[in-house]
Amino acid sequence: MATELLVIGAGPYGLSTAAFAREHGIETLILGQPMSFWREHMPAGMFLRSGPDWHIDAAGVHTLEAYLEDRKIATEDVDPIPIRTFLDYCEWFRQAKGLDVREELVAELAESNGGFEATLDGGERIEAFAVVCAPGIRHYANVPDWAASVPAGRAAHTCDLVRFDELAGARVLIVGGRQSAYEWAALIREHGAERIDLVHRHDVPRFEKVSWKFVDAYVENTANVPGYWRNLPKAEQDAIARKFWEVGRLTLEHWLTPRLDWHGIHRWPGTEVVEVTTRGADGKLRVLLSNSERLAIDRVIFASGYRADLTRVPYLATLAGRITLADGFPVLDESFATNLAGLYVTGFSATRDFGPFFGFVKGSPAAATLIVRDILSRN
């Protein structure tokens, strides 16, 4: 079969782009499992850091605030916003927009006849004039070099450990010190762990109520000013990045504080893991820290974030050698297009050229706007 636009990925960026494209008369097919990363790789007890003003509708109609009003949910009753509420919103959005997502995966994407051809896992082939890739960040899970020394089954990245019942009574080491590290610590504590150690190289972060409103102007400018981020002086880019780092990384959510108030949580700021061994008849892992502290643990959790590497996206293996990359990121033009005409990459993979905001839901309407505008200009 053939379509004008093929969207690969049904997370916030894929849904946002597909909906906006269809509203502008572009024949669009979207492939993937709707919100699968959020459903399968985030814990059910997780909360969003953003407020109800962040949404995925480039048209500004089917917003999260509109969903809450439609469902008669008071904003104060979902503060902070549970992940379940956001998932329900995205499903409401999908139905309101009439998006039929084909829940099939792409095995390979290749150039064909001036466009692209996607081969599905089942063997079916789909031709498309343009393709938007919205790869999930699970492909980019980052772990330290020493992770390979941990025996199989004893360690996992946060995106692969989202059910915690098996950690009841366990001694757990969490490597990392940002939001996911401390939120996983709270969740693991609430599931009955015996002890939790948090190891990170920086100081213990602050826990305060913060506002993300400062992001609004940057995202709006990205949608309205061609090449906004890339044309900023480097000093201004750096200042914005520092502000983003201060609010999003150095400061964690205030609602974690009471959940972390427990004698079994031990924080080791300014340290890192030096060695992991399996000595001892008790079956526990022995961990040596850089401050000479020694820990006996059952499990290791890597809250070490994500590092873009487009070559790790399986369906792009054929094209990876032809897409211009920089530090693992695709090099994109002002409309999220790669050097291959008609191929766009959005979401976290675009943060190098569009700023850190595009690793968050907030950037999805602006990205959809720019991509759809460019596709229309090519027709």
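Here are a few friendly notes on a helix, a hairpin and a cavity in this predicted model.

1. Let's start with helix α1, which covers residues 12–23. At 1.5 Å a residue, its 12 residues should span 16 Å, and the end C-alpha atoms lie 17 Å apart, so the two values agree.

2. How much of α1 is buried? The helix is mostly covered, with 10 of its 12 residues buried. Among them are Pro12, Tyr13, Leu15 and Phe20, along with Gly14, Ser16, Thr17 and the alanines Ala18, Ala19 and Ala21. Just after the helix comes Gly25, which has a positive phi near 80°.

3. Next, have a look at the hairpin of β14 and β15. Strand β14 (residues 285–289) pairs with β15 in the antiparallel sense, over four bridges. Four residues sit between the strands, and Ser292 has a positive phi near 75°.

4. Which residues of β15 make up its covered face? In this strand (residues 294–297), Leu295 and Ile297 form the covered face, while Arg294 and Ala296 form the uncovered one. In a regular strand, side chains alternate between the two faces of the sheet. Ala296 of β15 also has a partner across the pairing, as Arg286 stands opposite.

5. Finally, the interior: the structure holds one cavity of 30 Å³ or more. The largest cavity has a volume of about 50 Å³. What kinds of residue line it? By class, five are nonpolar, two are polar and three are charged. The lining includes Tyr228, Trp229 and Phe354, and also Arg230, Glu334 and Asp353. Thr222, Val225, Gly227 and Leu370 belong to the lining too.

Terms used:
Residues numbered from 1 in each chain as written. Predicted model: local features only at pLDDT ≥ 70, side-chain atom pairs only at ≥ 80, totals over all residues. Heavy atoms only, no water. 1 Å grid on protein atoms, 1.4 Å probe; cavity = no way out; pocket = protein on both sides within 12 Å on 5 of 7 lines; lining within 4 Å. Points joined across faces, edges and corners; volume = space filled by probe spheres on them. Nonpolar A, V, L, I, M, F, W, Y, C, P; charged D, E, K, R; others polar. Helix = DSSP H or I, 4+ residues; strand = E, 2+ residues; numbered from the N terminus. Expected span 1.5 Å × (residues − 1). Buried < 20%, exposed > 50% of the residue type's maximum accessible area, 1.4 Å probe, protein only. Pairing = 2+ DSSP bridges.
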